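Open the model in your viewer and set it to cartoon, with side chains ready to switch on. The tour goes from one selection to the next.

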Amino acid sequence: MALIECRFRSRVLELNCTMNVILPQPETMRIPARGYPTLYLLHGISDDHSAWLRQTSIERYVEKLGLAVVMPAFGRSFYTDIAGGPRYWQFLAEELPQLARGFFPLSAAREDNFAAGLSMGGYGAFKLALRAPETFAAAASLSGALDMVSRVHCEQIGKPGELLALFGPAEGMADKGDDLFALAAALAAAGRPCPRLLQRCGTEDFLFADNERFAAHARELGLPLDYAAGPGSHDWAYWDAGIREVLAWLPLAQGEGT
């Protein structure tokens, strides 16, 4: 595997940005004609582009999968366009994939693109799946902050006033595309194909009730959700085991990269 720390300029954010990228070795895994299938792996609120590499063995886990992994830095943005501030959602959904494919041999085909993340990153991954279903084939959330409308009301994540500054009033989040419950309902009502969804959360996690609510909502809508909860907390022991399950679940083409 090749591990690349890529520093680049974002036109959308008007910032210098960083992402870590894992790529298969071309001499051992032939580059597919349309490029490598790609997992956009998102971090939590207190982490950065290095978190998955420092806290798990993600590079070793993907070694034989023929899968590229893009791990960008997003600060405490919640992957959203901030009112009067940086447009992190536009950067995530539009500019970042375009830049990554320009720098590296990554596939643009829907069936080759996936998203996953933990906590804040789980929210970002499901937001990608529900707002850009034509771009992503599957998304996974580990301990995801999935009910952000409730969290903006109670401010139990982040610093006092931080979520309100990011999202604005909770009542307007659906119209801005920041409410996963509303996005799921709109996708189901439109009859558009929904990416496969995998959702995991520990029963000792402070976000467990949020995950239960979202899973019940998605199932009522008939979305293709694989949800399971079991013993676990909001920590890297849970996420390290979880990312291995995610990788085994991804719908990678048979023989990809060989």
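What covers the buried residues of α8? The cover includes α4 (120–131) and α9. Keep in mind throughout that this is a predicted model.

**Stop 1: helix α8**

Select residues 180–190, which make up α8. Show the side chains of Leu180, Phe181, Leu183, Ala184 and Leu187; these are the buried residues of the helix. Why do they sit on the same side of α8? They cover an arc of only 165° around the axis, which puts them on the same side. The general rule is that an α-helix has 3.6 residues a turn, so residues three or four places apart point the same way.

Go to the start of α8. Pick Asp179 there: one of its side-chain oxygens comes to within 2.9 Å of the backbone nitrogen of Phe181. Then move to the other end. Gly191 follows α8, and its phi is positive, near 70°.

**Stop 2: α8 against α9**

Add residues 208–221, helix α9. The axes of α8 and α9 come within 10 Å. They cross at roughly 10°. Angles under 35 degrees count as roughly parallel, and α8 and α9 are therefore roughly parallel to each other.

Now show the side chains where the two helices meet. From α8, take Leu180, Phe181, Ala184, Ala185 and Ala188. From α9, take Arg213, Phe214, His217 and Leu221. Colour them by class: this contact has seven nonpolar residues, one polar and one charged. Leu180, Phe181 and Ala184 belong to the contact with α9, and they are also among the buried residues of α8.

**Stop 3: Phe136**

Next, select Phe136, in the loop between α4 and β6 (138–142). Is Phe136 buried or exposed? Its relative accessible area is 2%, so Phe136 is buried. Display what it touches beyond four places in sequence: Tyr40, Arg110, Asn113, Phe114, Ala115, Leu128 and Pro195. Draw a distance to Ala115, C-alpha to C-alpha. The viewer should give 7.3 Å, for two residues 21 apart along the chain.

**Stop 4: Ser107**

From Phe136, step to Asn113, one of its contacts. Asn113 is also in contact with Ser107, so select Ser107 next. Ser107 is found in the loop between α3 and β5 (113–118). At 0% relative accessibility, Ser107 counts as buried. Show its side chain together with that of Asp112: a polar contact of 2.7 Å joins the two. Leaving aside neighbours within four places in sequence, the contacts of Ser107 include Arg34, Gly35, Tyr36, Thr38 and Arg101.

**Stop 5: Gln25**

Keep Tyr36 on screen. Tyr36 is in contact with Gln25 as well. Gln25 lies in the loop between β2 (15–23) and β3 (38–42). Its relative accessible area is 25%, and Gln25 is partly exposed. Beyond four places in sequence, Gln25 also contacts Met1 and Ala2. Check Met1: its C-alpha is 5.0 Å from that of Gln25, with their positions 24 residues apart in sequence.

**Stop 6: Gln90**

Finish in helix α3, residues 88–103, where Gln90 lies. With a relative accessible area of 18%, Gln90 is buried. Show Val12, Asp81 and Glu95, which Gln90 touches when residues up to four places away in sequence are not counted.

Note on methods. Residues numbered from 1 in each chain as written. Predicted model: local features only at pLDDT ≥ 70, side-chain atom pairs only at ≥ 80, totals over all residues. Heavy atoms only, no water. Axes fitted to C-alpha atoms, helices over the stretch in contact; angles between N-to-C directions. Helix = DSSP H or I, 4+ residues; strand = E, 2+ residues; numbered from the N terminus. Parallel < 35°, antiparallel > 145°, perpendicular 65-115°, else oblique. Contact = heavy atoms within 4.5 Å. Nonpolar A, V, L, I, M, F, W, Y, C, P; charged D, E, K, R; others polar. Buried < 20%, exposed > 50% of the residue type's maximum accessible area, 1.4 Å probe, protein only. Arc of directions from axis to C-beta. Polar contact = N/O pair within 3.5 Å; in protein donor to acceptor, adjacent residues only side chain to side chain.
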